[in-house]
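Please open the model in a viewer and keep the sequence beside it. The tour below proposes one selection after another and describes what each one shows.

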Amino acid sequence: YYKFCVDRNPWDKVVSLYFWQHKTEPRPTLSEFIQSGHIDIGVRRGGFDLYSIKGQIVVDRVCRYELLQQELVWLTERLQLPEVPQLPRAKSSTRTDRRHYRELLTAWDREEIARVFAKEIDYMQYQF
């Protein structure tokens with residue numbers, strides 16, 4: 001078996017979770033959401049701990065969500081699939097503020113996310 005998963009830039013992942021969990025007004029600010037501890041609970045389950053055991057990566061490839069189309073082409077070739085899978089855009093309408101995460105996060109937000117997702121950031125070499 002060829003094991004793979006998809007992970008996302010942690011800063012973008014947190015912003016996405018915020019808009020997913022708070023689709024309508026009134027909603028807390030993004031900073032309040034981060035300070036509430038929801039990123040530890042709501043997002044950590046799907047990150048590094050999902051594709052590692054005792055700190056060791058246990059999948060053959062961790063695909064980058066931000067390069068998903070390229071990753072799907074690569075996987076199609078690697079797995080000798082007949083065609084590149086077409087994924088639905090099921091949750092794309094929930095984010096009401098389309099600005100880049102760098103514009104939405106404060107310095108404190110950025111550092112807190114970096115602290116919580118240090119393993120992913122190190123392994124995937126993410127940069128804010």
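Begin with the whole protein chain, coloured by secondary structure: from the N terminus on, its elements follow the order β-α-α-α-β-β-β-α-α-α-α. In total the chain holds seven helices and four strands. Please keep in mind that this is a predicted model.

With the chain still selected, consider its extent. The C-alpha atoms fill a box of roughly 45 × 35 × 20 Å along the principal axes. Of the 128 residues, 40% are buried. Among contacts between residues at least 6 apart in sequence, 70% join residues that are at least 24 apart.

**First stop: two helices**

Select helix α1, residues 10-21, together with helix α6, residues 107-116. At what angle do the axes of α1 and α6 cross? They cross at roughly 110° and come within 9 Å. Because of that angle, α1 is roughly perpendicular to α6. Next, show the side chains at the contact: α1 contributes P10, W11 and V14, while α6 contributes R110, I113 and A114. Five of the residues in this contact are nonpolar, none is polar and one is charged.

**Second stop: the nonpolar core**

Now select L30, F33, I34, I39, L105 and I113. In the largest nonpolar core, which has 24 residues, these are the members that touch the most other members. Which elements give two or more residues to this core? They are α1, α2 (30-35), α5 (101-104), α6 and α7 (118-124). Helix α1 supplies the largest share, with six residues.

Centre the view on L105. Apart from its neighbours within four places in sequence, L105 is in contact with W11, V15, L30, I34, I113 and F128. Two of these names have been met already: W11 in the contact of α1 with α6, and I113 on the α6 side of that contact.

**Third stop: N9 and D12**

Move to N9, in the loop between β1 (4-7) and α1. Is N9 buried or exposed? With a relative accessible area of 8%, N9 is buried, since the cut-off for a buried residue is under 20%. The side chains of N9 and Y101 are joined by a polar contact of 3.1 Å. Beyond its neighbours within four places in sequence, N9 is in contact with E66, Y101, Y126 and Q127.

Then select D12, which lies in helix α1. D12 is also buried, and its relative accessible area is 18%. Which side chain is joined to that of D12 by a polar contact of 3.3 Å? It is the side chain of R8. When residues up to four places away in sequence are not counted, D12 touches R95 and Y101. Y101 therefore deserves to stay displayed, because N9, buried at 8%, is in contact with Y101, and D12, buried at 18%, touches Y101 as well.

**Last stop: I53**

Finally, select I53 in strand β2, residues 52-53. I53 is exposed, with a relative accessible area of 54%. To place I53 relative to an earlier stop, draw a line from its C-alpha atom to that of V15. The two residues are 38 apart in sequence, and the line spans 26 Å. V15 is one of the residues in contact with L105, so this last selection leads back to the second stop.

Conventions:
Residues numbered from 1 in each chain as written. Predicted model: local features only at pLDDT ≥ 70, side-chain atom pairs only at ≥ 80, totals over all residues. Heavy atoms only, no water. Axes fitted to C-alpha atoms, helices over the stretch in contact; angles between N-to-C directions. Parallel < 35°, antiparallel > 145°, perpendicular 65-115°, else oblique. Contact = heavy atoms within 4.5 Å. Nonpolar A, V, L, I, M, F, W, Y, C, P; charged D, E, K, R; others polar. Buried < 20%, exposed > 50% of the residue type's maximum accessible area, 1.4 Å probe, protein only. Polar contact = N/O pair within 3.5 Å; in protein donor to acceptor, adjacent residues only side chain to side chain. Core = buried A, V, L, I, M, F, W, Y, C linked by side-chain atoms within 4.5 Å.
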